[in-house]
Amino acid sequence: MDDLVTARLVLHPMTVSEAERTAAGEPYNGARWAPGYPGAGDVAAARRFLGTCATTGDPQSFGNYEIRRREDGRTIGGLGFHGPPDARGCVTIGYGLVPSARGEGYASEALRELLTFARARGVTCVKGDADRDNVASQHVMTAAGMRPAGQDERLTYFEIAWTDTTANTAPRP
């Protein structure tokens, strides 16, 4: 599968061997990891991806992606799907950045690209969540076009849905 490219980022789909190295915290050959990568969320996502691959096969485009800066090729975080679309065409996403890359708009830029990618492949809705006190993550999802969809004592839930899943159309800013 090809990388997804934005103005400042490359979203690189992880292979099984890359996910194994990420889960182990050991850079694979040629990896350029920013300090702090992989974080606990990246390790958990890599393990979830490996579990999916072992039980149901490689989810292909609905797996994990490394977020790399185009300017220096460094991996500054990750994002991806928690699995392929369900029977209704819905997916759940997650993302995270190393602390030094936060506050630069990278997460919103990466998430917008992932939403456009999902929509172009027939996904009808994308869900995500953030801790109620994680205002920055809530801002990321809002900036990418997702809207609050409820909350509980711990999390605020976000969602974006489309009735027409047409290629080359972006979610509203």
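## A walk through the predicted model

Start by selecting Tyr28: with a relative accessibility of 12%, this residue counts as buried, since the cut-off is under 20%. Keep in mind as you go that the model is predicted.

**Stop 1: the aromatic rings.** Add Trp33 to the selection; it is buried as well, with a relative accessible area of 12%. While both side chains are on screen, try Phe62 and Phe81, another aromatic pair: the arrangement is edge-to-face, 4.9 Å centre to centre, with 65 degrees between the planes. Phe62 sits in the loop between helix H2 (40-56) and E3, while Phe81 belongs to strand E4, so the pair ties together parts that are 19 residues apart in sequence. Phe62 counts as buried at 10% relative accessibility, and Phe81 does too, at 3%.

How many aromatic pairs does the structure hold? There are 4. Go back to Tyr28 and Trp33 for one of them: the ring centres are 6.3 Å apart and the planes meet at 80 degrees, so this pair is edge-to-face. Now bring in Tyr37, which forms one aromatic cluster with Tyr28 and Trp33.

**Stop 2: the sheet.** Switch to cartoon and colour the strands. You are looking at an open sheet of 8 strands with mixed pairing, in the order E1-E2-E3-E4-E5-E6-E8-E7. Strand E1 (4-5) and strand E7 (147-151) are at the edges; each has a single partner strand, so one side of each is left without a neighbour in the sheet. Strands in a sheet pair through backbone hydrogen bonds, parallel or antiparallel. Which way do strand E3 (residues 64-69) and strand E4 (residues 75-81) run? They are antiparallel, joined by 5 bridges. To see a bridge, pick Asn64 and look across to Gly80, its partner in E4.

Next, show H3 against this sheet: the helix packs on it, touching E1, strand E2 (9-13), E3, E4, E5, E6 and strand E8 (155-161), and its direction makes about 30 degrees with that of E4.

**Stop 3: Glu109.** Stay on helix H3 (residues 106-120) and select Glu109, which is part of it. Is this residue buried or exposed? Glu109 counts as buried, at 11% relative accessibility. Leaving aside residues up to four places away in sequence, it touches Thr6, Ala7, Arg8 and Leu9.

**Stop 4: the cysteines.** Select Cys90 and Cys125 and you have a disulfide, S to S 1.9 Å. Cys90 lies in strand E5 (residues 90-97) and Cys125 in strand E6 (residues 125-131), so the bond ties together parts that are 35 residues apart in sequence. Look along the S-S bond: the torsion is about 120 degrees, so the disulfide is right-handed. Cys90 counts as buried at 7% relative accessibility, and Cys125 at 6%. The count of disulfides comes to 1. Cys53 is worth a click too: it is buried, with a relative accessible area of 17%.

**Stop 5: helix H4.** Finish on helix H4 (residues 135-143), where Ser137, Gln138, Val140 and Met141 are the buried residues. Turn the view to look down the axis: these buried residues fall within an arc of 155 degrees, so they line one face of the helix. Their cover includes E5, H3, E6 and E8. On the other side of H4 you'll find Ala136 and His139, which are exposed. Last click: Gly145, just after H4, takes a positive phi of about 105 degrees.

Technical notes: Residues numbered from 1 in each chain as written. Predicted model: local features only at pLDDT ≥ 70, side-chain atom pairs only at ≥ 80, totals over all residues. Heavy atoms only, no water. Helix = DSSP H or I, 4+ residues; strand = E, 2+ residues; numbered from the N terminus. Buried < 20%, exposed > 50% of the residue type's maximum accessible area, 1.4 Å probe, protein only. Contact = heavy atoms within 4.5 Å. Disulfide = S-S within 2.5 Å. Pairing = 2+ DSSP bridges. Axes fitted to C-alpha atoms, helices over the stretch in contact; angles between N-to-C directions. Arc of directions from axis to C-beta. Phe/Tyr/Trp six-rings, centres within 6.5 Å; stacked < 30°, edge-to-face > 60°.
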